[in-house]
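Here are a few friendly notes to read beside the model. Please take a look at it first, then follow the points in order.

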Number of protein chains: 2
Amino acid sequence: MSQTVDRALSILPLLAEGPADLGQVADRLGVHKSTALRLLRTLHEHGLVYRQSDQRYRLGARLFALAQEAMENLDIREIAHPHLARLNEQCGHTVHLAVYEENEVLYIDKVESRYPVRMYSRIGKPVAITVAAVAKLLLADLPEPERRALAQQLDYPLYTARSTPHAEAFLKELATVREQGWATDLGGHEESINCVAAPIRGADGRVVAAMSVSAPNVVVTAEELLTLLPLVRRTADAISGEYSGRTPVKDRTE
Amino acid sequence: MSQTVDRALSILPLLAEGPADLGQVADRLGVHKSTALRLLRTLHEHGLVYRQSDQRYRLGARLFALAQEAMENLDIREIAHPHLARLNEQCGHTVHLAVYEENEVLYIDKVESRYPVRMYSRIGKPVAITVAAVAKLLLADLPEPERRALAQQLDYPLYTARSTPHAEAFLKELATVREQGWATDLGGHEESINCVAAPIRGADGRVVAAMSVSAPNVVVTAEELLTLLPLVRRTADAISGEYSGRTPVKDRTE
DNA sequence: TCAGGCGTTGCATATTGTGCAACAGCCATT
DNA sequence: AATGGCTGTTGCACAATATGCAACGCCTGA
């Protein structure tokens, strides 16, 4: 691995916390100012870093554009979206789409009816992996050794009294989820919020994404929410069908 | 500027176009495979790049997380958002917030009432800079030489018959906008869509952001939309006041 | 079974990044 | 106004670091 690039990339999360000046960056990187300067310049040329009027550095615009483009190229998301929207119209609740990547689960789409605002607020953010219904589905499908290894290395924060407490409980829950083909989160993340989720599978049967419907129990009780399960599963299956129907490997030079 | 970092960062836009394997990356960078490998590995360790099951590389999850965090730390956005939402409630149309950065104008927030879906679709994407009402406001406030230089180097695509045709017309328009303190886009980007926009100013009077209301003329005519101008300007002024510190800090209880 | 393609590794070379020290510009202090 | 300190910037000599090569291992398809 490359030291220079490593240092340069370490600047990004650092700036994500907030603007910083040259000296601060150099200090936190543990390098000379002049070195930090050259790294920042290179990042700047690529638009990943922006120099605001007070001379401090911020994350730049191209970062958004890149994240943007990357998202639009996710074909699962594109295929799934109309289905999610339709489901949202039918039940009125928040609908999520999530994928697993590199020991994390993240939302890649969200349709929310009540508060159209702040929609992007959680897209791209890692999910509470030990409790979220979609996370259970995605992890349950991992190869057994990988699943076990991951479960061991995770933290198990007690968001609520119903949060998954430790690795054993989690693995047991994953086994159940794997068998039944759907998952729930009943107040495991936030006391008053319940979710039901279903898996989306590729042509080979492996889980490529998961979707969920969430609602606070002041609106519907957990039992009422569970009555939506068949609808959620049908939607997920429809997406699976469409996703696996298309040619799985799309090389433009074919 | 650092060559190694430069090469590594060049990989990102390349992958934004779509997944690529090691050979493709090496070719397009003009370096040896082993070099590309080490760069990709470093990017991978930082989560900017993800290796999917077919071994090809994609842009990774941390990119979203970074873009996310960077956004949330934009204080203008945070201050402006409740105002935008309120304006949206009052008039029902789409409301945008945009900033200028590095020869580009980009939307950093958007509130849309009719179709809550696909809200993020344009946030972060560069704006049609020669016609958008918000762009006119932001560019009109640049120092004269910079404004002129930028106007010359821009392309002037003819989206519609009413698009700004060339640099001279653009500079003239900017002068007008600068004087009157507001801007419009009447079908200059999409035939049927009109916008009115107003500037948001910092404590020193410089334009730090711009906001607009957009509506298709099947809903309201251009004249009707213009009647909203006072409301838009009041909203922008309210944000300016709060941003520059004149108005006491935001109270969330309204 | 073999051939071809792709990803991966260790290594010698010199290209590339590094830290130093000196310089320049800015603001606040006297 | 003049001074001192702070921050960003530049040129340079040195060596640490990235690079390309060639060889290897692995998988796929013939």
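1. Which phosphate oxygen contact does a polar backbone atom of A:Leu22 make with DNA strand D, and at what distance? The two atoms are 3.1 Å apart, where a polar contact is a pair of N or O atoms within 3.5 Å. A backbone N or O atom of A:Gly23 also lies 3.2 Å from a phosphate oxygen of DNA strand D. From chain B, B:Thr35 brings a polar side-chain atom to 2.4 Å from a phosphate oxygen of that strand.

2. Before going on, a word on the basis: this is a predicted model, with local features needing pLDDT of at least 70 and side-chain atom pairs pLDDT 80 or more, while totals for chains, interfaces and linings use all residues. Residues are numbered from 1 along each chain as written, chains are lettered from A and ligands numbered from 1 in written order, and side-chain values use heavy atoms, without hydrogens and water.

3. Around DNA strand D there are 19 residues (a heavy atom within 4 Å). Among those that come nearest are A:Arg41 and B:Arg38. Sugar and phosphate make up 74% of the strand's atoms that come within 4 Å of the protein.

4. H3(A) gives the largest share of this surface, four residues; helices here are DSSP runs (H or I, at least four residues) numbered from the N terminus.

5. Chain A can be laid on chain B with an RMSD of 0.2 Å, by a turn of 179° and a shift of 0.0 Å along the axis, superposed by least squares on C-alpha atoms of residues with pLDDT of at least 70 in both. That is the relation of a two-fold axis.

Notes: Polar contact = N/O pair within 3.5 Å; in protein donor to acceptor, adjacent residues only side chain to side chain. Helix = DSSP H or I, 4+ residues; strand = E, 2+ residues; numbered from the N terminus.
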